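I opened a fresh notebook page for this one and went through the model with a list of things to look up. Here is what I wrote down as I went.

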Amino acid sequence: MRKMDNEQGKDNETSDRKRFSFRINLFFFSSFIIFTVIIVRLAILQFVEGPQLKQQEASNVTKNVPLTPIRGTIYDSTGQNRLAYSTPVQSLYITLSKNYSDSMEKLRDDDKKLLPELDKMTQKLANRFAQYGNKDEPKMTAAQIMDAMDRNYQRFSGFTPRLIKTNLNKDEVAYFMQHKSEFPGVDVVEETVRHYDPDTVAVQTVGYIKSYKSARENLDKYKNIQKSMSAENDPGLIYMDNESVGFDGLEFQYQEQLRGKNGYKTVPIDPRNMPEGVDSVTPPQKGNNIYSTINKEIQVKTENAIMDQLRWLHSHAVSGKTHPYAKTGFAVAMEVDTGNVVAMASMPDYDANYWQTGNISSDNYKKIQNVYLNGTIRSFGSGQSGQHPESVVLLGSTIKPLSVLVGLEEGLFSTSSYYQDTGAAYFGRNNSSRVQNSSGHVYGGLDPASAIRHSSNAFMVDMVGKRLYNKYINNAKEDQGVNVWDRYMKEFGLGVSTGVDLPMEYPGLREYGPRSKESSLSKLAYASFGQQGKYTALQLAQYTVVLATKGKRMEPHLVSQIKDTNGNVVQTIKPKVLNEVKFPDAYWNEVIRGMATDVSAFSGFPYDYARKTGTSQQSVGGTLKDNGVFIAFAPRKNPKLAVAVVIPEGGFGAWSAGPVARKIFDAYDEVYGLDGVPKKKDATASDSNVVKQP
């Protein structure tokens, strides 16, 4: 019995081994089959399907090619006159679908047929331009077209469209649209060209454009844009080298608002960086429109007034002599309660359409190099040989209202104080320095208001300059009086930025600063009557507003509103008080009472107005030249407008600058009304018929 059980156990063990062996063999066989299938599949992927998949992958790579944005319009204050605007033009671009470069010619003999193919296309394009283009324009040659194509990729990458010709006429557009199949890669694209008012209205204030490539080489703003573009995710914000951007004035200041967003074509490219497949297009977005505070009618009359006055000074003798070197003039008219700059004239001016394409010819640049900068906010010369005054001159007697205010506030004298004017003042060691009144006039007894009205230099030196020095002099800090003077100047906007919405404003030149080797007494003596500070016409206008408002330094601005293309208000610029000077009302009244110098140009002016003439002197070739300066606000009570005018080498301010100011006030009175009532029937109508005189 046991023997039978042992034999049965051995049979079961043998059976189990056979089953295990079968399973092992089946496992290895299955593994072999699976690995064989995988290897075969990999081989198919690599050798059969690989090239096709690689091409498919390359086709998924795309590039965004920017399309020029549509720049917004700059209007004058009426919203009717366009000071800067863009119009559509049709341009012909070509995208190279093959590699025509010299390097490819050397690599493969098969590609030697490509260059004759390109030569044929360029000649055909030249023939069609000659046939359908405007008869009076220069004809593009095949060589010029070949250069524009940049077949060796020196300026553009393979997928970037090349501009061949802009401003196509209707016949050219119609032909290339109908024969598109004959010109592979050719597209007719709508772009814009910038235009400026042909009456050359406030051209330096409006500014001009340049190509982005040129702008980023010169201005930090665009250098920073270039650095940040690599991280930009929105292709609509990418700048193109040939795109026109604001380079000065409002065009620059409001670049982001005016620009809008560029459109772009999404182009599939192959491994050679060449385009293939079908493009998708995202159209450009038009920029916002800027509404300036400049009123065209007042602006043009201001510009005409300056040029008329310069001609008059060349031909009419004042105090026995003409002023042939009075070549430039600058004026700013600023509303007292709003800060709106209604006129800003830097004359002579020029035609800003010279910059229309974003570039300027060397001949045109030579014509405008001495007039294209804004002399109301910067200092630059008139282009005359020798050391002639620049656009920023010493203030002369226009500083005297502020000098008296400083004297009153510092307790140097009172509103009832009297000074005996003998025609001159003396200061320094043993009274070695002497300052006399204009023409040596002796005015006798003067109160502070009378000292302003008669423009007494002697009063300012004795009562302000010397006394301010003596009040603060001590061995520890001799310049304390100068520092006090400087603080008052800045509170009134002299020697600091006005806050205007224009770029690159000149802060003025405080000649009494630390670098001056003069004594503190000398600095204060000369500063008291306007011989130690050079400030811009805009700073003068802002200073005049502080006088008119009895202490409020208003921020000047040149834009009132920004609207989108649908007319929706994006931003409204509101009046802003930068700082307030708080003096007793009696001080303000005394000073404003003294702003009553006789000015013959205002004969018959229907408003009581506050004014101060100024005549600063500058040596030119060893001869002293008089610069005309004038400030005023009107009406004296409830003032509405402040005006500042500067005529370098124009002679006395009352004769040279005063007549310009009168015409500005008259122009404002007609359009808006100095009393709030316009003096012409259709004051709000379009001023497009107002043309500047030559």
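The entries below go from the whole chain to pockets, cavities and single residues.

**Entry 1: the overall picture**

I began by noting that this is a predicted model. I counted 21 helices and 26 strands in the protein. Of its 694 residues, 51% are buried. I then looked up the contacts between residues at least 6 apart in sequence, and 72% of these join residues at least 24 apart. For the surface, I noted that about 32900 Å² is exposed, with carbon and sulfur atoms supplying 51% of it.

**Entry 2: the second largest pocket**

Next I turned to the second largest pocket, whose volume is about 990 Å³. Which residues come closest to its centre? I found Ser438, Ser439, Asn457, Thr615 and Phe652, out of the 31 residues that line this pocket. The elements giving two or more residues to the lining are β16 (433-436), α14 (448-454), β24 (610-620) and α20 (653-656). Strand β24 has the largest share, with five residues. I also sorted the lining of the second largest pocket by class, and it came out as 18 polar, eight nonpolar and five charged residues.

**Entry 3: asparagine 627**

I stopped at asparagine 627, which sits in strand β25 (residues 623-634). Is asparagine 627 buried or exposed? Its relative accessible area is 0%, so asparagine 627 is buried. I wanted to know what its side chain meets there, and found that one of the side-chain polar atoms of asparagine 627 lies 2.9 Å from the backbone nitrogen of glutamate 649. I set aside the neighbours within four places in sequence and listed the remaining contacts of asparagine 627. They include Pro389 and Val393, then Gly614, Thr615, Ser616 and Gln618, and also Ile647, Pro648, Glu649, Gly650 and Gly651. I underlined Thr615 on my page: this contact of asparagine 627 is also among the residues closest to the centre of the second largest pocket.

**Entry 4: helix α17**

How many of the eight residues of helix α17 are buried? I counted seven, so this helix (residues 520-527) is mostly covered. The buried ones are Ser520, Leu521, Ser522, Lys523, Leu524, Ala525 and Ala527. I looked for what covers them, and the cover includes α13 (400-409), β15 (424-427), α15 (457-472) and α16 (480-491).

**Entry 5: cavities**

I moved on to the enclosed spaces and counted three cavities of 30 Å³ or more. The largest cavity has a volume of about 50 Å³. Its lining is made of Leu395, Ile399, Trp485, Met489, Tyr512, Ala527, Gly530, Gln532, Gly533 and Tyr535. I noticed Ala527 here again, a buried residue of α17 that also lines the largest cavity. At least two lining residues come from α16, and at least two from β19 (533-535). By class, I have seven nonpolar residues, three polar and no charged in this lining.

**Entry 6: backbone checks**

I kept a reminder at the top of this entry: most peptide bonds are trans, and most residues other than glycine have a negative phi.

- Methionine 347 and proline 348 are joined by a cis peptide bond, with omega about 0°. I placed proline 348 in the loop between β12 (341-347) and α12 (362-368).
- Alanine 634 and proline 635 are also joined by a cis peptide bond, with omega about -15°. Proline 635 is in the loop between β25 and β26 (641-647).
- Threonine 200 has a positive phi, near 50°. I found threonine 200 in the loop between β5 (186-196) and α6 (203-206). With a relative accessible area of 11%, threonine 200 is buried.
- Asparagine 638 has a positive phi too, near 55°, and lies in the loop between β25 and β26. Its relative accessible area is 70%, so I marked asparagine 638 as exposed.

**Entry 7: asparagine 262**

My last look-up was asparagine 262, in the loop between α10 (255-259) and β8 (263-268). Asparagine 262 has a relative accessible area of 3%, so I entered it as buried. Which side chain does the side chain of asparagine 262 make a polar contact with? I found arginine 259, at 2.8 Å.

Key:
Residues are numbered from 1 along each chain as its sequence is written. This is a predicted model: local features need pLDDT of at least 70, side-chain atom pairs count only at pLDDT 80 or more; totals for chains, interfaces and linings use all residues. Side-chain values use heavy atoms; hydrogens and water are left out. On a 1 Å grid over the protein atoms alone, a cavity is a set of points where a 1.4 Å probe fits but cannot get out, and a pocket is an open set with protein on both sides within 12 Å along at least five of seven lines; lining residues have an atom within 4 Å of a point. Grid points are joined across faces, edges and corners, and a volume is the space filled by probe spheres set on the points. Helices (H or I, at least four residues) and strands (E, at least two) are DSSP runs, numbered from the N terminus. Ala, Val, Leu, Ile, Met, Phe, Trp, Tyr, Cys and Pro count as nonpolar, Asp, Glu, Lys and Arg as charged, and the others, Gly among them, as polar. Buried means under 20% relative accessible area, exposed over 50%, partly exposed in between (1.4 Å probe, protein chains only). A polar contact is a pair of N or O atoms within 3.5 Å; within protein, one must be able to donate a hydrogen and the other to accept it, and residues adjacent in sequence count only if both atoms are side-chain atoms. Contact means heavy atoms within 4.5 Å. Accessible areas come from the Shrake-Rupley method with a 1.4 Å probe; for residues, only the protein chains shown count as cover.
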